Amino acid sequence: MKFSIVKRYKIFFAITITFLIIGLGSMIVKGFNMGIDFTGGSIMDLQFHKTVSVAEVRDVLKERDLGNAIIQLESSDSAVTSAKGVLIRTGVISDEQRQQVMADLKSKLGDFDIQRVENVGATIGGELIQQAVLAIVLSWVLMIAYITIRFEFRFALAAIIALIIDVTVTLSYFSLFHVEMDSSFVAALLTVVGYSVNGTIVIFDRIRENLKIHRRSESITEMVDNSIWQTMGRSIYTVGTSLFAVVSIFLWGGETIRNFAFAMLVGFSSGAYTSTLLAGPLWMLLRKQTPGKD
């Protein structure tokens with residue numbers, strides 16, 4: 001006998017609500033660790049006397065807790081792995097900290113000439129953040145319209161609720177663990193939105209097909225459970241291969257895209273959870289609350 005997901009929906013709802021409350025509390029109390037792209041910072045434009053690599057510069061910066069700094073090699077060839085010109089963008093640091101960093105760079109990587117040192121503003125301002133939020137909300141509206149036309153409004157509402165949970169969970173993790181949020185986070189969040197709804201739609205499509213051949217001897221609870229289990233193999237394969245790639249990026253992709261990979265890892269995992277354990281029961285409850293022609 002298969003494990004009934006729908007009959008235990010209260011357990012999954014309670015777990016989800018508990019985590020969302022903790023996450024929202026963290027967002028209110030702790031806020032977010034906004035990165036350089038959001039807050040601005042300091043720029044050091046240096047010309048070394050010998051070529052250096054990004055990894056060598058980052059190793060020095062890590063000793064001053066600046067491992068997340070943006071490091072760019074100044075070269076006309078984008079494929080180069082080392083160069084003399086290096087542009088370093090860090091968070092806001094004091095003059096004393098800057099002098100210490102430069103002293104470390106000089107002692108470990110050799111002499112250099114200072115081309116430019118200054119404080120700069122954020123590259124992602126309030127307007128860009130508003131545009132990102134608008135893009136996410138617009139995607140939800142379009143998804144509601146599409147799913148309503150393809151299925152029905154109750155399917156669309158359940159899918160959007162699951163999607164909002166995925167976005168909130170991702171934001172909660174970044175707040176709880178104080179992970180730095182940079183420009184790549186916005187891209188990751190938009191990717192999570194697209195990925196998460198995909199698994200939900202697959203299950204909803206099976207529910208819709210099973211509704212057409214639904215027997216009176218089979219309850220709606222059993223029908224939804226059977227639909228979820230009929231798509232379980234496909235869900236496991238899809239999530240497994242996706243997470244394999246994301247975990248690989250997270251572990252070996254380097255410092256610059258680690259936060260991006262972390263957001264994807266959390267979002268994809270949450271998407272698998274909501275699609276499999278929440279979306280179906282949500283639709284069933286909405287169906288009971290708003291009975292209509294199926």
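**Entry 1. Leu286 and helix H10**

I began with the contacts of Leu286: setting aside neighbours within four places in sequence, I find Arg154, Leu157 and Ala158. This is a predicted model, and I read every entry below with that in mind. Leu286 sits in helix H10. I also looked up its distance to one of those partners: the C-alpha atoms of Leu286 and Leu157 are 8.5 Å apart, although the two positions lie 129 residues apart along the chain.

Next I checked the length of H10, which runs over residues 258-289. Its 32 residues should span 46 Å at 1.5 Å a residue, and I find 43 Å between the end C-alpha atoms, which agrees. H10 does have a bend, of about 45°, at Leu278. I noted a proline, Pro281, following within four residues of that point. Is H10 mostly covered or not? I count it as mostly covered, since 23 of its 32 residues are buried, which here takes a relative accessible area under 20%.

**Entry 2. Leu243 and helix H9**

I then moved to Leu243, which belongs to helix H9, residues 232-252. Which residues does Leu243 touch once neighbours within four places in sequence are left aside? I find Leu265, Phe268 and Ser269. For Ser269 I also noted the spacing: 26 residues from Leu243 along the chain, with 7.8 Å between the C-alpha atoms.

**Entry 3. Glu255, between H9 and H10**

Glu255 is in the loop that joins H9 to H10. I looked up its accessibility and got a relative accessible area of 24%, so I list Glu255 as partly exposed. Beyond its neighbours within four places in sequence, Glu255 is in contact with Arg58, Lys62, Gly67 and Asn68. I also took down one long distance: the C-alpha atoms of Glu255 and Thr148 are 42 Å apart, and the two residues are separated by 107 residues along the chain.

**Entry 4. Helix H6 and Leu176**

H6 has 24 residues. From its first C-alpha to its last I read 34 Å, close to the 34 Å expected at 1.5 Å a residue. Of those 24 residues 17 are buried, so I put H6 down as largely enclosed by the rest of the structure.

I picked Leu176 in H6 for a separate look. Is Leu176 buried or partly exposed? Its relative accessibility is 26%, so I count Leu176 as partly exposed. Setting aside neighbours within four places in sequence, I list Phe19, Ile22, Ser26 and Lys30 as its contacts. I also checked Leu24: 152 residues separate Leu176 and Leu24 in sequence, and their C-alpha atoms are 9.5 Å apart.

**Entry 5. Two positive phi values**

I looked at two residues other than glycine with positive phi. The first entry here is His178, which follows H6 and has phi near 55°. His178 is in the loop between H6 and strand E6, residues 180-181. Its relative accessible area is 40%, so His178 goes down as partly exposed.

Asp65 is also not a glycine, and its phi is positive, near 60°. Where is Asp65 found? I place Asp65 in the loop between helix H3 (54-62) and strand E3 (70-74). With 72% relative accessibility, Asp65 counts as exposed, because the cut-off for that is over 50%.

**Entry 6. The largest pocket**

Last, I turned to empty space. The largest pocket holds about 300 Å³. Three elements give two or more residues to its lining: helix H5 (126-150), helix H6 (153-176) and helix H7 (183-212). Which element gives the most to the lining? I find H5, with 6 residues.

The lining has 16 residues, and those nearest the centre of the pocket are Val133, Ile136, Leu171, Phe185 and Leu189. I sorted the lining by class and got 15 nonpolar residues, 1 polar residue and no charged residues.

Notes
Residues are numbered from 1 along each chain as its sequence is written. This is a predicted model: local features need pLDDT of at least 70, side-chain atom pairs count only at pLDDT 80 or more; totals for chains, interfaces and linings use all residues. Side-chain values use heavy atoms; hydrogens and water are left out. On a 1 Å grid over the protein atoms alone, a cavity is a set of points where a 1.4 Å probe fits but cannot get out, and a pocket is an open set with protein on both sides within 12 Å along at least five of seven lines; lining residues have an atom within 4 Å of a point. Grid points are joined across faces, edges and corners, and a volume is the space filled by probe spheres set on the points. Ala, Val, Leu, Ile, Met, Phe, Trp, Tyr, Cys and Pro count as nonpolar, Asp, Glu, Lys and Arg as charged, and the others, Gly among them, as polar. Contact means heavy atoms within 4.5 Å. The expected span of a helix is 1.5 Å times one less than its number of residues. The bend at a residue is the angle between axes fitted to the seven residues ending there and the seven starting there. Buried means under 20% relative accessible area, exposed over 50%, partly exposed in between (1.4 Å probe, protein chains only).
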